[in-house]
Amino acid sequence: MAAATVLERMTMATAEEIAAEEFASVVARHRPQIFRFLLASTRDVDLAETLTQDCFLKAHRNWSSFRGESSALTWLMRIAINLQKDHWRNRRMQFWRHTQNNAVALDEASEWLPSGERSVEQQLLAKERVRQVSKAVQGLSERQRTVFLLRYVEEAELSEIARATGLSEGTVKAHLSRAVARVRAELGGKR
Amino acid sequence: MIFKDKFADNMQNPEQDSELNDALTNFRLSVHAWSDAAFNRPRTAVAALQPRRIWRLAVGCALGCVLVAGGASVGLWQHHQREIELRITQARIAEHQRLAAQQQAQQLEDEDLLAKVDSDVSREVPIAMEPLAQLMVDDETP
């Protein structure tokens, strides 16, 4: 009886160690992507870091309930989206004040564009286009922005976006269509 | 999420618009570069130190309060003990005085009683014997 109890404890300890190792590898693999999505959504490095920490803390607490029906990244992205939503809902006024103070200017975001093989003129043009896209994204609704960023920054499949946001694929397509139309209009208007 | 050509979505057809396609690609590249730079930026430990300092301050304040409260309570207790001892001493003195007064009163009562008995006994001498008694008194006088 005692031997069985000791064996059970050892088995439980081993299972916990395995789960901890699995979670650590998930964090190492997906943390940059979660941070990138939150940074693109909030445009605030500090806020994105805080929300990323919260996301993984929440994920760690619920790791045992993760059944692998979707990929770990989709699951994490869903947590991140919900955290971001909660943040916006709870601190709507403060958020905008905070964002105005801490968010980088649109110009600065476009400054990160790799120069590549382009000429100076092409680089300037590309930066201007990025600035216009950023401005258009900033004007999107929360849901449209989330869908747009997941699609065109994180390069997610529509089905994955639908799972991460909890929307149907049709709704995702509709939001994406409106978002792209807005970006297109912004680019077209500046031509 | 699988990395793939995101512009293959026929619903959006952004690939038909090469300018939009380029703009979205550049937007993605700039966000990735920005995110990588922000993610790998050196972080200071200032934020981690502040809560520690706050905790130390809080613990110091709490210990100080405990010491002050302890010292004050010990002082009050000692003062209270002294008052009790003083009261006990005063009560003992009062009791002693009361007993002494009682004893004195008792002695006085005894003397009065004896005097009364003497007078009573002397009154019991018959009237007829009074001349003899007078003589005895006279004999006793030098």
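How many of the 142 residues of chain B count as buried, as a percentage? The figure comes to 15%. This is a predicted model, and the values below were computed from it. In chain A, which has 191 residues, the buried share is 45%. Chain B has an accessible surface of about 11,500 Å², and carbon and sulfur atoms account for 61% of that area.

What about the overall build of the two chains? Chain A holds nine helices and zero strands, so reading along its sequence simply gives α-α-α-α-α-α-α-α-α. Chain B also goes without strands, with three helices and zero strands to its name. Its pattern along the sequence is α-α-α.

Next come the contacts between charged side chains. Side chains of opposite charge can pair when their charged atoms come close. Over all chains, the search turns up eight salt bridges. Three of these are worth walking through one by one, starting with Asp46(A) and Arg41(B).

Asp46(A) pairs with Arg41(B) in a salt bridge, and the closest N and O atoms sit 3.3 Å apart. Where are the two partners? Asp46(A) belongs to helix α2 of chain A, while Arg41(B) is found in the loop between α1 (18-39) and α2 (46-123) of chain B, so this pair joins two chains. Asp46(A) has a relative accessibility of 43% and therefore counts as partly exposed. Arg41(B) is also given as partly exposed, at 31%. The story does not stop with this pair: Asp46(A), Glu49(A) and Arg41(B) are linked in a network of salt bridges.

A second salt bridge brings together the side chains of Arg129(A) and Glu19(B), with 2.2 Å from N to O. Because Arg129(A) lies in helix α6 (residues 120-138) of chain A and Glu19(B) in helix α1 of chain B, this pair joins two chains. How well covered are the partners? Arg129(A) has a relative accessible area of 13%, so this residue is buried. Glu19(B), on the other hand, comes out as partly exposed, with a relative accessible area of 21%. The cut-off helps here: buried means under 20%, so the 21% of Glu19(B) falls on the partly exposed side.

The third example is the salt bridge between the side chains of Glu155(A) and Arg28(B), at 3.5 Å from N to O. Here too the pair crosses between chains, running from Glu155(A) in the loop between α7 (142-152) and α8 (158-165) of chain A to Arg28(B) in helix α1 of chain B. Is Glu155(A) buried or exposed? Its relative accessible area is 7%, so Glu155(A) is buried. Arg28(B) counts as buried too, at 15% relative accessibility.

Charge also shows up on the surface. Glu16(A), Glu17(A), Glu21(A) and Glu22(A) gather there in a patch of negative charge. One of them, Glu16(A), has its place in helix α1 (residues 2-42) of chain A. With a relative accessibility of 55%, Glu16(A) counts as exposed, because the label applies over 50%.

Then there are the aromatic rings. A pair of aromatic rings is described by the distance of the centres and the angle of the planes. Searching the whole structure gives seven aromatic pairs over all chains. In one of them, the ring centres of Trp63(A) and Phe66(A) are 5.3 Å apart and the planes meet at 20 degrees, so the pair is stacked. Trp63(A) itself is buried, its relative accessible area being 13%.

Trp63(A) has another ring partner in Trp75(A). This time the centres are 5.8 Å apart and the planes stand at 50 degrees, so the pair is tilted. Trp63(A) sits in the loop between α2 (45-61) and α3 (72-90) of chain A, and Trp75(A) sits in helix α3 of chain A, so the pair ties together parts that are 12 residues apart in sequence. Trp75(A) has a relative accessibility of 17% and so counts as buried. Which residues make up the aromatic cluster around these rings? Phe23(A), Trp63(A), Phe66(A) and Trp75(A) form one aromatic cluster.

Technical notes: Residues are numbered from 1 along each chain as its sequence is written. Chains are lettered from A and ligands numbered from 1 in the order in which they are written. This is a predicted model: local features need pLDDT of at least 70, side-chain atom pairs count only at pLDDT 80 or more; totals for chains, interfaces and linings use all residues. Side-chain values use heavy atoms; hydrogens and water are left out. Patches are made of residues with over 30% relative accessible area and no salt bridge: like charges are joined within 9 Å, nonpolar side chains (Val, Leu, Ile, Met, Phe, Trp, Tyr) within 5 Å. Accessible areas come from the Shrake-Rupley method with a 1.4 Å probe; for residues, only the protein chains shown count as cover. A salt bridge is a side-chain nitrogen of Lys or Arg within 4 Å of a carboxyl oxygen of Asp or Glu. Lys and Arg count as positive and Asp and Glu as negative; His and the chain ends are not counted. The place of a charge is taken as NZ of Lys, CZ of Arg, CG of Asp or CD of Glu. Helices (H or I, at least four residues) and strands (E, at least two) are DSSP runs, numbered from the N terminus. Buried means under 20% relative accessible area, exposed over 50%, partly exposed in between (1.4 Å probe, protein chains only). Rings of Phe, Tyr and Trp (its six-membered ring) pair if their centres lie within 6.5 Å; planes under 30 degrees apart count as stacked, over 60 as edge-to-face and the rest as tilted.
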